[in-house]
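Visitor: Please walk me through this model. I would like short answers, each with its reasoning.

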Amino acid sequence: MINGGTGPVLTFQSVLFELCENLDIPFLTFNAWVGIWIAFYMFLSAFMDLNRIIKFATRFTDEVFAFLIVSIFILDAIGNPTSKVGMFHYFNSDHPHHDEEVEDDEQYDYMT
């Protein structure tokens, strides 16, 4: 059981949305089909009483899953090194945003 599932659900939905954009398919339709598949899987697992194997899930499994979620959030915040947006490129002195700020304020420094 995952307590406080907001982080995993948000991560899953954001990855699902990016996948739909890359494959050029409608997000809501794909999300509905994912929900139907999950419902089928849940009914199947309840029918077969698969929750009896939860005792094999260890603390290590929980920590690996938490690390995956944290990594996705951090990489999303920093940004892709090949794109022109994200915190990774904001600290670059050649970023176009800094040119606009210098025009408005001569004492502007991109590191402050």
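Guide: A definition comes up front. A nonpolar patch joins side chains of Val, Leu, Ile, Met, Phe, Trp and Tyr within 5 Å, taken from residues with over 30% relative accessible area and no salt bridge. The model is predicted.

Visitor: How many helices and how many strands does the chain have?
Guide: Along the sequence the pattern reads α-α-α-α-α. The count is 5 helices and 0 strands.

Visitor: What percentage of the residues in the chain is buried?
Guide: Buried means under 20% relative accessible area. The chain has 112 residues, and the buried share is 10%.

Visitor: What share of the accessible surface belongs to carbon and sulfur atoms?
Guide: The accessible surface of the chain totals about 9,600 Å². Carbon and sulfur atoms hold 67%.

Visitor: What share of the contacts with a separation of 6 or more comes from residues 24 or more positions apart?
Guide: A contact here needs heavy atoms within 4.5 Å. Take the contacts with a separation of 6 or more, then keep those between residues 24 or more positions apart. Their share is 19%.

Visitor: Which helix gives the largest share of the nonpolar patch?
Guide: The patch is made by F12, W37, I38, F40, Y41, M42, L44, F47 and M48, and covers about 1,000 Å². The largest share is 7 residues, spanning part of residues 27–47. That helix is α2.

Visitor: Is M42 of that patch buried or exposed, or in between?
Guide: M42 sits in helix α2. The in-between class runs from 20% to 50% relative accessible area. M42 has 46%, so the class is partly exposed.

Visitor: Does the end-to-end distance of α2 agree or disagree with its residue count, and what is that distance?
Guide: The helix has 21 residues. The expected span is 1.5 Å times one less than the number of residues. That gives 30 Å for α2, and the agreement is good because its end C-alpha atoms are apart by 30 Å.

Visitor: How many aromatic pairs does the whole structure hold?
Guide: Ring centres must lie within 6.5 Å to pair. A search of the whole structure on that basis gives 2.

Visitor: What geometry does the pair of F17 and F27 have?
Guide: The centres are 5.4 Å apart and the planes meet at 75°. F17 in helix α1 (residues 6–23) is thereby linked to F27 in helix α2, 10 residues away. Planes over 60 degrees apart set the class. The F17 and F27 pair is edge-to-face.

Visitor: Which accessibility class do F17 and F27 fall into?
Guide: F17 has a relative accessible area of 39%, so it counts as partly exposed. F27 has 22%, so F27 is also partly exposed.

Visitor: What geometry does the pair of W37 and F40 have?
Guide: Both residues lie in helix α2, 3 residues apart, about one turn of the helix. Residues three or four places apart in an α-helix point the same way, because there are 3.6 residues a turn. The W37 and F40 rings are 5.7 Å centre to centre, with 35° between the planes, and the pair is tilted.

Visitor: Which class do W37 and F40 fall into by relative accessibility?
Guide: The cut-off for exposed is over 50%. W37 has 53%, so W37 is exposed. F40 has 48%, so F40 is partly exposed.

Visitor: What distance separates the C-alpha atoms of V70 and T11?
Guide: V70 belongs to helix α3 (residues 59–78). Its relative accessible area of 44% makes V70 partly exposed. T11 is 59 residues away along the chain, yet the C-alpha separation is 9.5 Å.

Visitor: What distance separates the C-alpha atoms of F17 and N31?
Guide: F17 lies in helix α1. N31 is 14 residues from F17 along the chain, and their C-alpha atoms are separated by 8.6 Å.

Visitor: What is the phi of D24?
Guide: Most residues other than glycine have a negative phi. D24 lies in the loop between α1 and α2, and is exposed at a relative accessible area of 70%. Its phi is positive, near 60°.

Visitor: What phi does D49 take, just after α2?
Guide: D49 is found in the loop between α2 and α3. With 38% relative accessibility, D49 counts as partly exposed. D49 is not a glycine, although its phi is positive, at about 55°.

Terms used. Residues numbered from 1 in each chain as written. Predicted model: local features only at pLDDT ≥ 70, side-chain atom pairs only at ≥ 80, totals over all residues. Heavy atoms only, no water. Helix = DSSP H or I, 4+ residues; strand = E, 2+ residues; numbered from the N terminus. Buried < 20%, exposed > 50% of the residue type's maximum accessible area, 1.4 Å probe, protein only. Areas by Shrake-Rupley, 256 points an atom, 1.4 Å probe, with all protein chains shown as cover. Patch = residues over 30% accessible without salt bridge, like charges linked within 9 Å, V, L, I, M, F, W, Y side chains within 5 Å. Salt bridge = Lys/Arg side-chain N within 4 Å of Asp/Glu carboxyl O. Phe/Tyr/Trp six-rings, centres within 6.5 Å; stacked < 30°, edge-to-face > 60°.
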